[in-house]
Amino acid sequence: MTLLTLQFANDKGSILPAGDISDIIPDEEADVAVLEEPEHLTWYHHGKRWKSKFRLVVGVIHTNYLEYVKREKNGWFQAFFLKYVNTWVVSIYCHKVIRLSAATQDYPGSIVCNVHGVNPKFLDTGKKKYEQLQSGNQLFAKGAYYIGKMVWSKGYKELLKLLQDHRKELAGLEVDLYGSGQDSDEVKEAAKKLEVMVRVHPGCDHADPLFHE
C-alpha cells in the first residue's frame with residue numbers, strides 16, 4: 001500500500017506531492033485521469049509517466065503562476081523560465097489541456113472552458129435576489145467586497161493602490177476585504193492608511209450570506 005504525502009514549499013507558496021499517487025491505482029483500472037493544476041502537480045512527480053499510466057489524461061489549469069512569480073525578486077526572469085518549464089511538464093503528462101479562464105497561462109492546443117460549473121448555492125442566491133427585485137426591494141445595500149487568501153501576491157497591493165489613486169472618484173465607497181493568510185497584519189495596516197473606507201475581515205466561504213448584500 002502506498003500513502004501519498006503532501007508538503008508545503010515555502011519558497012514556492014504551494015503544496016507539492018511527495019509521493020507517487022499513480023502507484024495507488026491498478027493498471028487495469030487506469031482509464032482516464034483528470035489532473036487539477038497539472039503543472040503544479042507534476043513539478044516533482046515521482047512516479048510513472050501519466051500518459052503511459054492512463055489512456056487519457058486531461059489537465060485542468062486553475063492558476064496563472066507566472067503572474068505570482070513576477071511579483072518576486074527577479075520576477076520577470078523567473079516567469080520566463082517558469083513558462084517553459086510549465087509548458088514542458090504539461091505536454092509530457094497531459095493529452096488534453098483545459099484552462100478554466102483565459103487569464104491563465106496559455107498552452108499549445110489548450111481550450112478555455114469552465115468545466116467546474118457553478119456552485120448551486122450561487123444559483124439559489126440569484127433566484128432569491130430576483131424575487132426581491134420583482135417585489136421592488138433594494139438588492140444590494142452594501143458597497144464592494146474582495147475575497148481571497150490574504151497574501152500580497154493575490155493582488156491586495158494592486159487593489160489598495162487603485163483605491164487610493166482613485167479616491168476622489170470613489171468618494172463614499174465602502175470596501176470589505178475577506179481573507180486569511182500570512183500577510184493579514186500588513187494588509188490591515190496598509191488599509192488603515194487609505195482615504196477610502198476599507199474594512200478587513202477573516203476569510204469566509206464564497207457563498208456565505210455575508211456577501212449577499
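Helices and strands in this report are DSSP runs, of at least four residues for a helix (H or I) and at least two for a strand (E), numbered from the N terminus. The structure is a predicted model.

**Loop between E2 and E3**

Glu 29 sits in the loop that joins E2 to E3. With a relative accessibility of 56%, Glu 29 counts as exposed, since the cut-off is over 50%. Phe 54 is 25 residues from Glu 29 along the chain, and the two C-alpha atoms are separated by 8.6 Å.

Asp 27 belongs to the loop between strand E2 (14–17) and strand E3 (32–36), while Lys 53 lies in helix H2 (residues 50–53). The side chains of these two residues meet in a salt bridge. The pair therefore ties together parts that are 26 residues apart in sequence. Its two members differ in accessibility: Lys 53 is buried at 9%, whereas Asp 27 is exposed at 52%.

**Salt bridges**

Across the whole structure, a search finds 10 salt bridges. Some of them are listed here with the distance between N and O atoms.

| Lys residue | Acidic residue | N to O distance |
|---|---|---|
| Lys 53 | Asp 27 | 2.6 Å |
| Lys 129 | Glu 213 | 2.8 Å |
| Lys 161 | Asp 165 | 2.7 Å |

Lys 129 is a residue of helix H5, and Glu 213 is in the segment after strand E9 (197–201), so their salt bridge ties together parts that are 84 residues apart in sequence. Lys 129 is buried, with a relative accessibility of 9%. Glu 213 is partly exposed at 32%.

The pair formed by Asp 165 and Lys 161 lies within one element. Both residues are in helix H6 (residues 156–165), and because they are four residues apart there, about one helical turn separates them. Asp 165 is partly exposed at 43% relative accessibility, and Lys 161 is exposed at 52%.

A network of salt bridges links Glu 174, Asp 176 and Arg 199.

**The second largest pocket**

The second largest pocket holds about 320 Å³ of space. It is lined by 18 residues, and the closest to its centre are Tyr 145, Leu 210, Phe 211, His 212 and Glu 213. Glu 213 is also the salt-bridge partner of Lys 129. Helix H5 (120–134), strand E7 (144–147) and strand E8 (174–178) are the elements that each give two or more residues to the lining. By type, the lining divides into eight nonpolar, four polar and six charged residues.

**Helices H4 and H6**

Helix H4 (residues 75–93) has 19 residues and should span 27 Å at 1.5 Å a residue; its end C-alpha atoms are 26 Å apart, so the span agrees with the expected value. The buried residues of H4 are Gly 75, Ala 79, Leu 82, Asn 86, Val 89, Val 90 and Tyr 93. They cover an arc of only 105° around the axis, which means that they lie on the same side of H4. On the other side of H4, the exposed residues are Phe 77, Phe 80, Phe 81, Tyr 84 and Trp 88.

An α-helix has 3.6 residues a turn, so residues three or four places apart point the same way. In H6, Tyr 156, Leu 159, Leu 160, Leu 163 and Gln 164 are buried. Their arc around the axis is only 130°, which puts them on the same side of H6. Lys 157 and Lys 161 are exposed on the other side of H6.

**Backbone at Glu 37 and Asn 74**

Most residues other than glycine have a negative phi. Glu 37 is not a glycine, but its phi is positive, at about 55°. Glu 37 lies in the loop between E3 and helix H1 (38–42). At 15% relative accessibility Glu 37 is buried, because the cut-off is under 20%.

Asn 74, also not a glycine, has a positive phi of about 55°. Its place is the loop between helix H3 (65–70) and H4. Asn 74 is exposed, with a relative accessibility of 56%.

**The segment after E9**

Gly 203 is found in the segment after E9. This glycine is partly exposed, at 40% relative accessible area. Gly 203 and Ile 147 are 56 residues apart in sequence, and their C-alpha atoms are 7.3 Å apart in space.

How values were computed:
Residues are numbered from 1 along each chain as its sequence is written. This is a predicted model: local features need pLDDT of at least 70, side-chain atom pairs count only at pLDDT 80 or more; totals for chains, interfaces and linings use all residues. Side-chain values use heavy atoms; hydrogens and water are left out. On a 1 Å grid over the protein atoms alone, a cavity is a set of points where a 1.4 Å probe fits but cannot get out, and a pocket is an open set with protein on both sides within 12 Å along at least five of seven lines; lining residues have an atom within 4 Å of a point. Grid points are joined across faces, edges and corners, and a volume is the space filled by probe spheres set on the points. Ala, Val, Leu, Ile, Met, Phe, Trp, Tyr, Cys and Pro count as nonpolar, Asp, Glu, Lys and Arg as charged, and the others, Gly among them, as polar. A salt bridge is a side-chain nitrogen of Lys or Arg within 4 Å of a carboxyl oxygen of Asp or Glu. Buried means under 20% relative accessible area, exposed over 50%, partly exposed in between (1.4 Å probe, protein chains only). The expected span of a helix is 1.5 Å times one less than its number of residues. The arc is that of the directions from the helix axis to the C-beta atoms.
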